Amino acid sequence: MSRTTSQKVAVLGTGKIGEALLSGMIRGGWAPADLLVTTRRQERADELSTRYGVTPVSNADAAKQADTLILACKPQDMAKLLDELAPHVTADRLVISAAAGITTAFIEERLADHTPVVRVMPNTPVLVDEGMSVISAGSHATAEALAHAEDIFGAVGKTLRVPETQQDACTALSGSGPAYFYFLVEAMTDAGILLGLPRDKAHDLIVQAAVGASVMLRDSGEHPVKLRENVTSPAGTTINAIRELENHGVRAALIAALEAARDRSRELASGSNS
């Protein structure tokens, strides 16, 4: 697919998430010549240029040349990056932040008046084009700006618009969400070993169960309670396992864990990195 418009997009801080966006955008029809990248190391810049045909530039040059700036740095590096960009970012640029806990207001007050800012919280499955990116508009972001952000992040998965007041909850649920599943798979694999299975077989069984269950959740249209009940026979093995999960407070622990993640996102937003 080729694009009828030529807009330059710069990814600033091209780590794993930034590289996933680059590769997804190229597959989605962006011309590599229209994609700029910034990195801390020259070796990384050379690697991205060779692999994708994109152009490595400095942060200042990215701000001067690109129509859209995607800030994919770590939250603790955002203030320094914005100080570097501010002299070069004019209000006709679109700034997209993919840094956890950084509000659009934090970015807006450090850039030119009326600069449109969009906040996006992707998660790591963007690396396999199965990500979920949660999108919120800043004070000056138009419908066109939101659609452009959806176009970019839609290349590596699904997108969802929410009010920015819900971003901390979405960070806890979706941004950090894959880690909870990895933790569960790790625990279930250990349980399989305890039950007498070799680690590789336990791992394969659990991973395929997770993949199959996820596809059923996505495609069946059934409520998860209904799907669980379909596996849970009276006086059977599954209900005994569910009873133990409830006895050990797994549901309450998950709720408390997500509240803790949300609270940490709020701390990041308020500028606390301790």
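Glutamate 47 and arginine 44 sit three residues apart in helix α2, about one turn of the helix. In this predicted model, the two side chains form a salt bridge, with the closest N and O atoms 3.2 Å apart. Their exposure is not alike. Glutamate 47 is partly exposed, because its relative accessible area is 33%, a value between the 20% and 50% limits. Arginine 44 counts as buried, at 12% relative accessibility.

Arginine 44 has another partner. Its side chain meets that of glutamate 19 in a salt bridge of 2.8 Å, N to O. Glutamate 19 lies in helix α1 and arginine 44 in helix α2 (residues 42–52), so this pair ties together parts that are 25 residues apart in sequence. Both glutamate 19 and arginine 44 are buried. The links extend to Arg51: Glu19, Arg44, Glu47 and Arg51 are joined in a network of salt bridges.

A further salt bridge involves the N-terminal part of the chain. The side chains of aspartate 34 and lysine 8 meet at 3.9 Å, N to O. Aspartate 34 lies in the loop between α1 (16–27) and β2 (35–38), and lysine 8 in the segment before β1 (9–12), so the pair ties together parts that are 26 residues apart in sequence. Aspartate 34 is buried, with a relative accessible area of 14%. Lysine 8 is partly exposed, at 27%.

The salt bridges described here are listed below.

| Acidic residue | Basic residue | N to O distance |
|---|---|---|
| Glutamate 19 | Arginine 44 | 2.8 Å |
| Glutamate 47 | Arginine 44 | 3.2 Å |
| Aspartate 34 | Lysine 8 | 3.9 Å |

The full count comes to 18 salt bridges.

Now to the helices α8 and α9. How do their axes cross? The axes of α8 (residues 177–194) and α9 come within 8 Å and cross at roughly 135 degrees. That makes α8 oblique to α9, because angles count as roughly antiparallel only over 145 degrees. The crossing of α8 and α9 is right-handed.

Helix α9 also holds a residue of a surface patch. Valine 215 is placed in this helix, which covers residues 199–219. Together, Val207, Val211 and Val215 make a nonpolar surface patch of about 190 Å². Is valine 215 buried, exposed or partly exposed? Valine 215 is partly exposed, with a relative accessible area of 35%. That value fits the patch rule, because patch residues need over 30% relative accessible area.

Note on methods:
Residues numbered from 1 in each chain as written. Predicted model: local features only at pLDDT ≥ 70, side-chain atom pairs only at ≥ 80, totals over all residues. Heavy atoms only, no water. Patch = residues over 30% accessible without salt bridge, like charges linked within 9 Å, V, L, I, M, F, W, Y side chains within 5 Å. Areas by Shrake-Rupley, 256 points an atom, 1.4 Å probe, with all protein chains shown as cover. Salt bridge = Lys/Arg side-chain N within 4 Å of Asp/Glu carboxyl O. Helix = DSSP H or I, 4+ residues; strand = E, 2+ residues; numbered from the N terminus. Buried < 20%, exposed > 50% of the residue type's maximum accessible area, 1.4 Å probe, protein only. Axes fitted to C-alpha atoms, helices over the stretch in contact; angles between N-to-C directions. Parallel < 35°, antiparallel > 145°, perpendicular 65-115°, else oblique. Left-handed = near helix turned anticlockwise from the far one by under 90°.
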